[in-house]
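Here's a quick tour of one model, starting with a backbone oddity and then zooming out to the whole chain. Have a look at it first.

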Amino acid sequence: MPQSATRIRIVKELNEMIKDFKKNPLLPLVQEEASPEQWKAFAAKRLQSATAFEAVLGKAIALSATCGHDAVHSALTENLSDEIGRQSDGSIDTTRAHDGWRKDFARALQLPASSGYPDYDLMMSNVASSSEPFLVYGVLLALERLIPVEFTYIREGMDTLFPSVFVVSAKDSKEVRSNKLKARHYIDDHIDHDARQHFPDLLDALEQISPDAKALTQLSKAIALVATAKRTFYNDPSIFN
């Protein structure tokens with residue numbers, strides 16, 4: 001089936017964002033060149049900043065309900081269910097909540113406390129306060145496209161620098177294997193799940209509601225916001241301190 005002009009435009013802008021992200025000069029440090037202590041400092045900041053995602057997601061769900069964007073509302077509600085571990089019967093399984101997975105990752109590495117990264121956190125806070133639906137949708141779309149790429153760099157770094165914590169070996173006991181899989185699940189799941197489900201589901205939903213010119217401008221603005229926020233973060237050597 002031919003792609004719509006809307007989809008072609010959005011995907012092109014997202015692909016440019018990915019190309020821009022891969023040029024960030026500090027990514028080799030994330031992959032393998034940082035010391036273990038530097039990497040832990042980075043991971044603590046990145047992990048803390050991830051907690052801002054749920055507020056933006058909640059705002060997008062509220063806006064989609066108000067605006068009658070049913071396809072978007074459905075895709076984002078499913079995304080929230082994954083975030084909080086909500087099951088099909090409405091019950092919450094805390095073992096499947098992303099907050100718990102983040103804590104498993106942090107606990108396994110004994111990460112230091114962190115207040116996050118102010119510039120990125122402010123951007124997310126501003127988006128969560130926005131009343132412009134396509135700006136909020138666009139930030140989520142850009143993050144769902146970018147996170148699997150970003151987390152692939154992070155996974156390479158954690159496996160290189162902390163193999164005893166994350167890399168499963170044939171020599172591992174059942175308990176050690178289980179602990180390693182638990183420690184790495186937050187990263188592994190986001191690489192797979194965001195790319196396979198959350199990003200394409202939201203992209204499909206946005207295409208269904210046929211954004212007008214104003215909405216497309218807001219989506220473009222959102223993609224640029226995320227690109228700038230990530231560029232700022234990954235160009236700042238202090239993230240390793």
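This is a predicted model, and a good place to start is Q110, which is exposed with a relative accessible area of 66%. Q110 sits in the loop between helix 6 (98-109) and helix 7 (118-128). Its phi is positive, about 55 degrees, even though Q110 is not a glycine. That's worth a second look because most residues other than glycine have a negative phi.

S210 has a similar story to tell. It lies in the loop between helix 10 (174-208) and helix 11 (213-233), and its phi is positive too, near 45 degrees, again in a residue other than glycine. S210 is exposed, with a relative accessible area of 52%; it counts as exposed because that value is over 50%.

Here are the two side by side:

| Residue | Phi | Relative accessible area |
|---|---|---|
| Q110 | about 55 degrees | 66% |
| S210 | near 45 degrees | 52% |

Now for the whole chain. How many helices and strands does the protein chain have? Eleven helices and zero strands. The radius of gyration is 18 Å, close to the 18 Å that the globule rule gives for 241 residues, so the protein chain is as compact as a globular protein of that length. Along the principal axes, the C-alpha atoms fill a box of roughly 55 × 45 × 35 Å.

Buried residues make up 48% of the 241. Of the contacts with a separation of 6 or more, 81% come from residues 24 or more positions apart.

On the outside, the protein chain exposes about 11,600 Å², with carbon and sulfur atoms supplying 52% of that. As for charge, there are 28 positive and 33 negative side chains, and the centres of the two sets lie 3 Å apart.

Notes: Residues numbered from 1 in each chain as written. Predicted model: local features only at pLDDT ≥ 70, side-chain atom pairs only at ≥ 80, totals over all residues. Heavy atoms only, no water. Helix = DSSP H or I, 4+ residues; strand = E, 2+ residues; numbered from the N terminus. Buried < 20%, exposed > 50% of the residue type's maximum accessible area, 1.4 Å probe, protein only. Rg over C-alpha atoms; globule rule 2.2 N^0.38 Å. Contact = heavy atoms within 4.5 Å. Areas by Shrake-Rupley, 256 points an atom, 1.4 Å probe, with all protein chains shown as cover. Lys, Arg positive; Asp, Glu negative; His and termini not counted. Charge placed at Lys NZ, Arg CZ, Asp CG, Glu CD.
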